[in-house]
2 protein chains.
Amino acid sequence: MDLEQEGLHPSLSAPVSESMNFLNEVAQRFPGAVSLAAGRPFEGYFDLDDVHRYLETYRRHLSERLDGDEAAVRRTILQYGRTKGIIHELIAEHLRVDEGIVVDPEAVVVTVGCQEALYLTLRALRADDRDVLLAVAPSYVGVHGAAQLVDLPVLPVRESPEGVDLDDLVAVVRQAKAAGLRPRACYVIPDFANPSGIRLTREVRERMLRIAADEGFLVLEDNPYGLLGDPSGPPTMKSLDTDGQVVYLGSFAKTGLPGARVGYVVADQRVTGATTGQDLLADQLAKIKSMLTVNTSPIAQAVIGGKLLEHGYSLRDANSREIATYRANLEQVLAGLEKRFGGPDFPGVSWNSPTGGFFLLLTVPFPAGDELLELSAARHRVLWTPVHHFYADGQPRYVIRLSFSHLLTDEIEDGLDRLADFVREQSAAHREQ
Amino acid sequence: MDLEQEGLHPSLSAPVSESMNFLNEVAQRFPGAVSLAAGRPFEGYFDLDDVHRYLETYRRHLSERLDGDEAAVRRTILQYGRTKGIIHELIAEHLRVDEGIVVDPEAVVVTVGCQEALYLTLRALRADDRDVLLAVAPSYVGVHGAAQLVDLPVLPVRESPEGVDLDDLVAVVRQAKAAGLRPRACYVIPDFANPSGIRLTREVRERMLRIAADEGFLVLEDNPYGLLGDPSGPPTMKSLDTDGQVVYLGSFAKTGLPGARVGYVVADQRVTGATTGQDLLADQLAKIKSMLTVNTSPIAQAVIGGKLLEHGYSLRDANSREIATYRANLEQVLAGLEKRFGGPDFPGVSWNSPTGGFFLLLTVPFPAGDELLELSAARHRVLWTPVHHFYADGQPRYVIRLSFSHLLTDEIEDGLDRLADFVREQSAAHREQ
């Protein structure tokens with residue numbers, strides 16, 4: 001029986017869905033290309049022995065907690081389990097140690113990566129077609145994807161050199177309300193945003209929280225990279241959150257192990273009128289999870305749990321080698337861009353200088369869309385990400401995202417050489433037009 | 001910031017969501033009760049050493065496949081990975097060996113348990129508010145849950161002693177079409193259904209496939225228990241499927257390890273008008289997955305992959321001890337029911353006699369709703385499942401579901417004694433009314 005594309009859910013024909021597909025597919029077609037596109041953590045320290053050891057570390061911890069009841073230990077790790085997860089207490093302790101966030105472990109839902117955390121939150125908040133989400137544009141592709149699965153429109157908020165234009169945020173919220181819409185939340189990556197790499201100052205964070213409180217919407221704080229930056233940076237928005245304005249979305253993909261596919265959401269808001277005795281937003285998210293994935297693999301949770309235990313709950317400590325690598329890569333890319341593009345040969349080329357994270361933005365003097373990415377991959381064997389994918393509208397822009405997290409020193413030099421050839425060629429072609 | 005229940009998605013206030021919550025909560029409040037409610041696999045043979053060994057078995061297999069490229073092995077198991085999964089070829093081989101299903105591995109999407117497979121399928125098929133799902137009533141709670149997350153109505157089809165009333169199926173489909181609706185698929189567990197335990201005959205399967213072809217809807221075949229029954233039973237509907245009518249939903253929770261949370265969907269239907277080069281329904285489901293959970297933990301997949309490899313792809317072989325346990329438990333429960341309820345003391349009590357699976361249905365002479373379950377738990381310390389939860393309507397019925405899969409011999413005798421006390425008490429109370 002054949003099906004027709006137009007008879008399937010509209011999210012499957014939306015630009016964002018095509019985006020993710022297209023980017024994966026280009027990467028697969030050109031395996032020999034240097035990828036300045038993939039937002040993957042550095043894999044030079046990956047070791048399968050760690051997985052075995054983490055599992056055993058967690059098993060011993062659990063055995064102590066359960067007074068040596070080995071049948072209960074096996075049941076916890078191998079049987080169906082608690083919907084909200086089994087490492088919630090370890091995660092709460094990690095948040096206290098690394099982020100200064102104090103939270104009731106019952107407000108933590110362990111999820112299948114941060115993407116499921118985002119889905120659960122958006123699914124809960126989208127009650128009917130008046131509901132809308134706010135997000136700084138450009139923003140992480142996954143937020144557009146999750147929003148489309150629940151038919152939730154995303155209203156763009158202007159970016160600024162500080163990360164977010166707060167005047168525009170207020171204007172967008174008020175316009176939406178005037179049009180009868182309900183802005184439920186604003187999605188933001190305050191630390192080293194994807195794609196821009198920008199880190200919000202403490203002042204911007206505090207002003208944003210005040211706006212959220214005044215206007216009555218939640219802040220969805222997504223923080224996959226914060227721990228990998230300078231520890232003297234501004235505090236997380238959740239740690240500044242005195243009024244329960246912030247839902248915190250956590251990932252272990254960059255700091256734990258991507259292959260565990262474990263993330264979490266902290267949702268300590270109270271829900272009034274709840275029909276059950278459980279009145280945290282986390283309990284509502286768990287209800288959705290029970291209909292979506294039932295629970296997060298406790299084996300995968302045990303792997304992450306063991307890593308937390310081995311490092312005194314500190315993923316900053318666990319990632320000391322990786323942090324040094326990311327810092328070195330960032331410095332090498334910034335120096336490499338200056339060396340190649342800093343002279344007079346490249347008018348119209350500029351870039352920003354994040355202080356951490358996996359990404360930065362390079363402005364080029366031509367609209368850099370998908371066709372040019374394909375040409376870049378085929379002719380110059382270098383991949384990068386067209387920024388229109390983060391606007392979910394398919395309109396080529398004069399900006400590309402460069403990622404450097406997973407690369408070795410030689411790959412960075414090679415990749416930047418190839419990129420310079422590509423930019424030179426396309427700049428000339430554009431001038432001739 | 002407080003939120004209001006009525007400002008959240010309606011699925012969170014629906015009976016099915018309350019059901020799952022209520023049943024979990026009762027089980028937690030009465031940990032000393034014997035559970036004839038939990039649909040869990042037998043855990044007597046669980047062993048964490050197996051997990052370590054399965055991982056290593058899979059690692060060695062991958063190393064051979066990748067010509068000893070250990071960096072690629074580590075990347076495959078520990079890094080972000082292929083959306084459709086890494087053990088699709090092993091699953092296709094398992095389906096050939098155990099189920100006689102021949103399928104292109106590219107049509108397999110590895111999922112976070114069968115529940116995510118169900119969600120992906122329903123999300124794809126629900127294009128607008130004309131779309132509806134059919135399901136034999138009573139049916140698995142999770143299908144109602146997943147359908148509610150995508151706002152997809154479920155039209156009930158009458159059950160019959162053969163499992164499904166095919167005349168009613170045709171009638172429901174035609175009525176729906178006449179009302180301007182689009183019946184997209186019929187959900188069914190052909191082998192040892194949850195909750196009824198019924199196994200469809202080959203003839204019923206073939207007739208149902210013809211109806212689906214004639215009326216233009218898909219069959220969603222969910223098969224968590226089939227492998228644990230008599231191997232001389234009827235073939236899976238997917239193996240009889242010559243016209244691509246069947247989407248096959250697979251679970252490793254009962255035959256692999258529940259703690260791995262790995263399932264899959266086989267979706268080999270062609271999608272015409274697809275905007276990308278990938279034209280299998282599986283590719284569309286993968287697009288949704290990329291927006292929902294990104295990929296299924298490759299560590300968890302490796303655990304299941306190792307188990308498949310160690311048993312020549314046969315989970316029937318891997319579960320020989322479990323299969324003997326389930327058969328013995330079923331026989332013990334049927335004999336125990338006859339012993340306790342077979343005499344003249346229990347008018348109005350009867351039960352069906354499945355030939356496999358985890359469940360059977362007990363008819364009682366009183367409406368057995370949630371209040372009576374609480375009383376049963378508190379006073380008689382035995383848990384069972386009110387069948388109204390499988391109708392998603394909250395109306396108490398004169399039937400309860402008994403599960404026996406996870407119990408030891410003594411627990412079964414204890415549980416049935418307590419159940420007999422409860423039924424005796426309530427039968428008397430009901431007669432007095």
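Let's start with a sheet in chain B of this predicted model. Four strands line up in the order β11-β12-β15-β14 to make an open sheet, and their pairing is antiparallel. The edges belong to β11 (350–351) and β14 (385–386) of chain B; each has a single partner strand, so one side of each is left without a neighbour in the sheet. At the β14(B) edge, the partner is strand β15 (residues 397–403) of chain B, joined to β14(B) in the antiparallel sense over two bridges. Here P386(B) sits opposite I400(B) in β15(B).

Strands also pair across the two chains. Strand β10 (residues 271–272) of chain A and strand β1 (residues 3–4) of chain B run parallel, with two bridges joining them. V271(A) has L3(B) in β1(B) as its bridge partner.

**How the two chains meet**

So how many residues of chain A are in contact with chain B? The count is 79 residues of chain A, in contact with 79 residues of chain B. On chain A, the side touching chain B divides into 35 nonpolar, 28 polar and 16 charged residues. As for how the copies are arranged, chain A lands on chain B after a rotation of 180 degrees with 0.0 Å of shift along the axis, at an RMSD of 0.0 Å. The two copies are thus related as by a two-fold rotation axis. They also meet through the same surface, because 100% of the interface residues of chain A are interface residues in chain B too.

**Helix α2 and its partners**

Two packed helices are described by the angle between their axes and the distance between the axes. Here are two such pairs, both involving α2(B).

| Helix pair | Angle | Axis distance |
|---|---|---|
| α2(A) and α2(B) | about 175 degrees | 11 Å |
| α2(B) and α10(B) | roughly 80 degrees | within 7 Å |

Take the pair that spans the chains. Helix α2 (residues 48–65) of chain A packs with α2(B) at about 175 degrees, and the two are therefore roughly antiparallel to each other. From α2(A), the residues L48(A), V51(A), H52(A), L55(A) and R59(A) meet L48(B), V51(B), H52(B), L55(B) and R59(B) in α2(B). Sorted by class, this contact has six nonpolar, two polar and two charged residues.

Within chain B, helix α2 (residues 48–65) also comes up against helix α10 (residues 298–310), the axes crossing at roughly 80 degrees. That makes α2(B) roughly perpendicular to α10(B). On the α2(B) side, the residues involved include V51(B), Y54(B), L55(B) and H61(B), while α10(B) brings in residues including A302(B), V303(B), K307(B) and L309(B). By class, this contact has seven nonpolar, four polar and three charged residues. V51(B) and L55(B) thus turn up in the list for α10(B) and in the one for α2(A).

**Two domains in chain A**

Chain A is divided into domain 1 (5–45 + 320–432) and domain 2 (79–314). Their C-alpha centres lie 26 Å apart. Where the domains touch, domain 1 of chain A gives 27 residues and domain 2 of chain A gives 23.

Which elements of domain 1 each supply at least two residues to its side of this contact? They are α1 (15–29), α12 (320–341) and β12 (359–368) of chain A. The largest share, four residues, comes from α1(A). That side of domain 1 of chain A has 15 nonpolar, ten polar and two charged residues.

Technical notes
Residues numbered from 1 in each chain as written. Chains lettered and ligands numbered in written order. Predicted model: local features only at pLDDT ≥ 70, side-chain atom pairs only at ≥ 80, totals over all residues. Least-squares fit on C-alpha atoms with pLDDT ≥ 70 in both. Contact = placed C-beta atoms within 7 Å. Axes fitted to C-alpha atoms, helices over the stretch in contact; angles between N-to-C directions. Parallel < 35°, antiparallel > 145°, perpendicular 65-115°, else oblique. Nonpolar A, V, L, I, M, F, W, Y, C, P; charged D, E, K, R; others polar. Pairing = 2+ DSSP bridges. Domains from an automatic or database assignment.
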